[in-house]
Every structure is written in structure tokens, then in C-alpha cells.
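Hi,

Here is the structure I said I would pass on. Have a look at it first, and then read on for what turned up.

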Amino acid sequence: MTTPLPPALSRAIELFTEPPPDLDVSKGYLDLLGEQSSPATPRNTGFIQAAWASGIGSLLYDNAQAFARRFFGPWRTPIEWLDIPQGGVALDIGSGPGNVTAALARAAGPDGLALGVDISEPMLARAVRAHAGPNVGFLRADAQRLPFRDTVFDTVTSLAVLQLVPEPASAIGEMFRVLRPGRRIAIMVPTVGTVPPPLRLLPSSGAHFFDEDELGDLFEQAGFERVRTKTFGNIQWVRGHRP
């Protein structure tokens with residue numbers, strides 16, 4: 001390892017099940033995937049994922065998400081409801097440009113830690129430039145196989161990402177596994193809603209439009225309790241507690 005670990009990533013390593021022998025942080029984030037994602041998990045090869053993984057796509061998504069979070073209430077992460085303790089540890093799955101990760105870190109306070117996980121290198125590069133700091137770190141990893149030990153996070157959140165994960169049930173199972181008992185999770189996804197039927201039949205897009213009760217059912221199957229869903233048009237938030 002030739003590049004020293006930033007403080008936030010040094011703390012992240014302590015949460016790993018098995019720290020990798022070679023820690024690549026040359027780009028400011030910890031890359032656990034290298035050239036390809038884990039062969040043990042399926043990959044999204046659709047054009048939507050490809051677009052967000054490009055430099056131009058990451059720029060457009062960054063600006064669009066910032067606009068939506070500022071002017072469209074359903075896009076705002078329920079930070080207060082997540083009830084992150086001071087000094088707590090938060091996980092943002094599919095962190096994109098990193099603004100949600102940074103908000104989680106502010107809620108956790110200077111002694112807390114917020115980690116953002118994504119597979120898009122351009123997204124992670126933008127996140128590092130804009131938000132990396134002493135208690136904010138970013139990793140390139142697969143949501144379907146998280147590198148962390150069981151029950152190490154005080155909250156987990158994900159914004160408009162799970163629809164791009166090939167096996168969402170696996171990702172939800174991983175979120176349940178790493179969340180501490182008694183703590184909270186909140187995820188936002190697009191739903192079928194008023195999506196025209198032809199658009200639901202575009203498997204090459206790589207995006208999955210969830211049915212109204214689909215994600216809530218997956219939460220309960222994973223073991224979450226007090227699961228609540230709230231839908232705004234084609235956007236749905238699902239919240240739950242780990243018992």
C-alpha cells in the first residue's frame with residue numbers, strides 16, 4: 001500500500017469481516033472490486049446503470065438529485081426519523097455523489113462515521129471531491145455482498161438505487177445483517193405507479209420497477225419489523241426496524 005488510508009477509511013477497515021491484503025485508496029475511495037465486481041454476485045449490464053457509471057451520467061445524476069432533494073420533498077432522506085446517535089455509524093448504499101452520506105455524517109456528529117458504498121467509479125470520484133472528510137468515507141463495493149461484519153451500523157439508507165441491483169433480496173438481506181438490533185433503515189425506490197406498461201417491459205434497461213407491496217414484503221422476509229411504506233406517485237419509501 002503506497003497511499004495512506006484517510007481517517008474515515010481507517011475506521012471503516014475496523015468494521016470489515018476480513019480486511020483485504022491490498023488496500024487501493026489511490027483515488028480517494030477504497031476500491032474492493034478492482035476491474036470487475038465479485039464473480040459470486042450478478043452484475044447489472046443495463047444501459048441505465050451504464051449511463052450512471054459514466055462521467056457525464058454521474059454529473060447529470062448529481063445535479064438532478066440535488067435539485068430533487070431541494071425542491072421535491074419525497075426525495076429527502078428522513079434523517080431525523082433514522083435517529084442516528086451521536087458518535088454512531090451510518091451506511092449509505094449506492095451513495096452516488098455522496099450528499100446523503102455527508103448528511104448522515106453530520107447527524108452522527110464529529111465522533112461518528114458515515115460510509116458510502118457504490119460501484120460507479122465516476123460517482124465515487126465526485127463524492128470524494130465533494131464530501132470525503134474525517135468522518136465521511138467511500139468504498140467501491142457490491143451491495144449484494146457487503147464487506148462488513150454483522151451488526152456494526154446504527155442506520156442504513158439507500159436512495160433510488162435498489163432498482164438497479166440484480167438481486168435486491170440479497171442486498172436487503174445484507175442490510176439486515178449489518179444493522180444493529182433496535183436500529184432503523186429507510187430506502188427509497190421507484191415503483192410501478194403510473195409507469196406506462198411498455199416501460200415495465202424493458203429488461204435491457206437494467207432497472208426494476210417495484211410493485212406497490214414488493215419491497216415491503218422483501219423487508220419482512222429479511223427479518224425487519226414495523227415495516228412501513230409510503231408512496232408518492234412513482235416514488236416509494238420503505239422503513240423498518242431490526243428487532
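Let me start with a contact that is easy to check by eye: Arg184 lies over the face of Trp81, 4.9 Å from the ring centre. Another arginine does something similar, with the charged end of Arg242 over the ring of Phe176 at 4.3 Å from its centre. Do keep in mind throughout that this is a predicted model.

Now the overall picture. The protein has eight helices and eight strands. Of its 243 residues, 51% are buried. If you take the contacts with a separation of 6 or more, 69% of them are between residues 24 or more positions apart. The accessible surface is about 11300 Å², and carbon and sulfur atoms account for 55% of that.

On to the inside. The largest nonpolar core has 41 residues, and the ones touching the most other members are Leu91, Phe148, Phe153, Leu162 and Leu215. Several elements put at least two residues each into this core: helices H1 (7-13), H7 (168-178) and H8 (214-222), plus strands E2 (89-93), E3 (113-118), E5 (153-159) and E6 (179-190). H7 gives the most, with five residues. There is also a second, separate core of 20 residues, and Leu82, Leu104, Ala105 and Ala186 are among its members.

H7 deserves a closer look. Eight of its eleven residues are buried, so the helix is largely enclosed by the rest of the structure. The buried ones are Pro168, Ala171, Ile172, Glu174, Met175, Phe176, Arg177 and Val178; note that Glu174 and Arg177 are on that list. They pack against E2, E5, E6 and H8.

H8 is the other helix I would look at. Its buried residues are Leu215, Gly216, Leu218 and Phe219. Looking down the helix axis, they fall within an arc of 160°, so they line one face of H8. Their packing partners are H7, E6, E7 (225-232) and strand E8 (235-241). Leu215 on its own touches Leu162, Ile172, Ile187, Val189, Phe210, Gln236 and Val238, leaving aside residues up to four places away in sequence. Just after the helix, Gly223 takes a positive phi of about 120°.

Last, the aromatics. How many aromatic pairs does a search of the whole structure find? Four. In one of them, the rings of Phe176 and Phe224 have centres 5.0 Å apart and planes at 80°, so this pair is edge-to-face. Phe176 belongs to H7, while Phe224 is in the loop between H8 and E7, so the pair ties together parts 48 residues apart in sequence. Both of these phenylalanines are buried. Phe224 also pairs with Phe219: the centres are again 5.0 Å apart but the planes are at 35°, so this pair is tilted. Phe219 is buried, as is Phe224. Elsewhere, Phe16, Phe148 and Phe153 form one aromatic cluster, and you will recall Phe148 and Phe153 from the list of residues with the most neighbours in the largest core.

If you open just one view, I would pick Phe176: its ring has the charged end of Arg242 over it, and it pairs edge-to-face with Phe224.

Cheers

Methods. Residues numbered from 1 in each chain as written. Predicted model: local features only at pLDDT ≥ 70, side-chain atom pairs only at ≥ 80, totals over all residues. Heavy atoms only, no water. Core = buried A, V, L, I, M, F, W, Y, C linked by side-chain atoms within 4.5 Å. Buried < 20%, exposed > 50% of the residue type's maximum accessible area, 1.4 Å probe, protein only. Helix = DSSP H or I, 4+ residues; strand = E, 2+ residues; numbered from the N terminus. Contact = heavy atoms within 4.5 Å. Areas by Shrake-Rupley, 256 points an atom, 1.4 Å probe, with all protein chains shown as cover. Phe/Tyr/Trp six-rings, centres within 6.5 Å; stacked < 30°, edge-to-face > 60°. Lys NZ or Arg CZ within 6 Å of the ring centre and 35° of its normal. Arc of directions from axis to C-beta.
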